Amino acid sequence: MSMEVERASLSDAEEILALQKLAYRSEAEIYGDWTIEPLVQTLEELRRQFEDHVVLKAVASGAIVGSVRASARDGTCRIGKLMVHPDRRKQGIGRSLMNAIEAYFPGCRYELFTGSRSVRNIALYEKLGYAVFRERAASPDVTLVYMEKKNG
C-alpha cells in the first residue's frame with residue numbers, strides 16, 4: 001500500500017486531532033497520565049497552529065495515518081506531535097514524516113522533546129541523528145528529554 005507525505009490544510013485539522021488522540025494513548029499509558037497535552041488539545045488550538053506551523057500528513061488509502069508539525073525561529077526548527085496510527089507503526093511512516101519536515105526547514109538546527117520513558121521514540125530519533133542535550137522535569141513523575149540534530 002502506498003503512502004504519500006504532503007502538507008496538511010486546515011480542513012485536515014479534525015482528522016489529525018482524532019489521530020492524535022488515538023496515537024498518544026500509548027504515551028498516556030506509559031506515564032499513567034491521561035491529561036498529557038496531545039490528549040487534551042482542542043480543535044481550536046490545533047487550528048491556530050496552522051497559522052505559524054508547517055503541518056504535514058501521511059496519507060494512505062485516502063486516510064491520514066500520520067502527522068508532524070514544526071515551526072522555526074532564530075535558526076532552530078522545533079518539531080512536535082509526531083504521530084503514526086497505532087496499526088501502521090513500524091512501517092517507516094514516522095521516519096518519512098521526520099525527513100519531510102526537516103526538508104521544509106533546510107539549514108536549521110532541529111529540536112524536539114519526548115518523555116524519558118518513551119524508549120521507542122528516543123530510539124527512532126537517535127537513528128535519525130538526534131542526540132539528547134537537556135532533560136527537564138515536567139512533573140514529579142515525568143521527565144522530558146530534549147533532543148537536537150545539528151545541520152551540517
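**Exercise 1.** Which exposed residues does the face of α4 turned away from its buried side carry?

*Solution.* The model is a predicted one.
Step 1. Find the helix: α4 spans residues 43–52, and its buried residues are L46, Q49 and F50.
Step 2. Look down the axis of α4: the buried residues fall within an arc of 110°, so they line one face of the helix. The general rule is that an α-helix has 3.6 residues a turn, so residues three or four places apart point the same way.
Step 3. Turn to the face directed away from that buried side: E51 and D52 are the exposed residues there. Exposed stands for over 50% relative accessible area, buried for under 20%.

**Exercise 2.** State what covers the buried residues of α4.

*Solution.* Step 1. Set out the order of elements from the N terminus: β-α-α-α-α-β-β-β-α-β-α-β-β.
Step 2. Pick out the cover, which includes the helix α1 (13–23) and the strands β2 (54–60) and β3 (63–73).

**Exercise 3.** Decide why the radius of gyration of the protein chain agrees with that of a compact globule.

*Solution.* Step 1. Take the expected value: for 152 residues, a compact globule would have a radius of gyration near 15 Å.
Step 2. Compare: the protein chain has 15 Å, so the two agree.
Step 3. Add the box: the C-alpha atoms fill roughly 40 × 40 × 30 Å along the principal axes.

**Exercise 4.** What percentage of the residues in the protein chain is buried?

*Solution.* Step 1. Of the 152 residues, 45% are buried.
Step 2. Consider the surface as well: about 8,200 Å² is accessible, and carbon and sulfur atoms account for 49% of it.

Definitions and conventions: Residues numbered from 1 in each chain as written. Predicted model: local features only at pLDDT ≥ 70, side-chain atom pairs only at ≥ 80, totals over all residues. Heavy atoms only, no water. Helix = DSSP H or I, 4+ residues; strand = E, 2+ residues; numbered from the N terminus. Rg over C-alpha atoms; globule rule 2.2 N^0.38 Å. Buried < 20%, exposed > 50% of the residue type's maximum accessible area, 1.4 Å probe, protein only. Areas by Shrake-Rupley, 256 points an atom, 1.4 Å probe, with all protein chains shown as cover. Arc of directions from axis to C-beta. Contact = heavy atoms within 4.5 Å.
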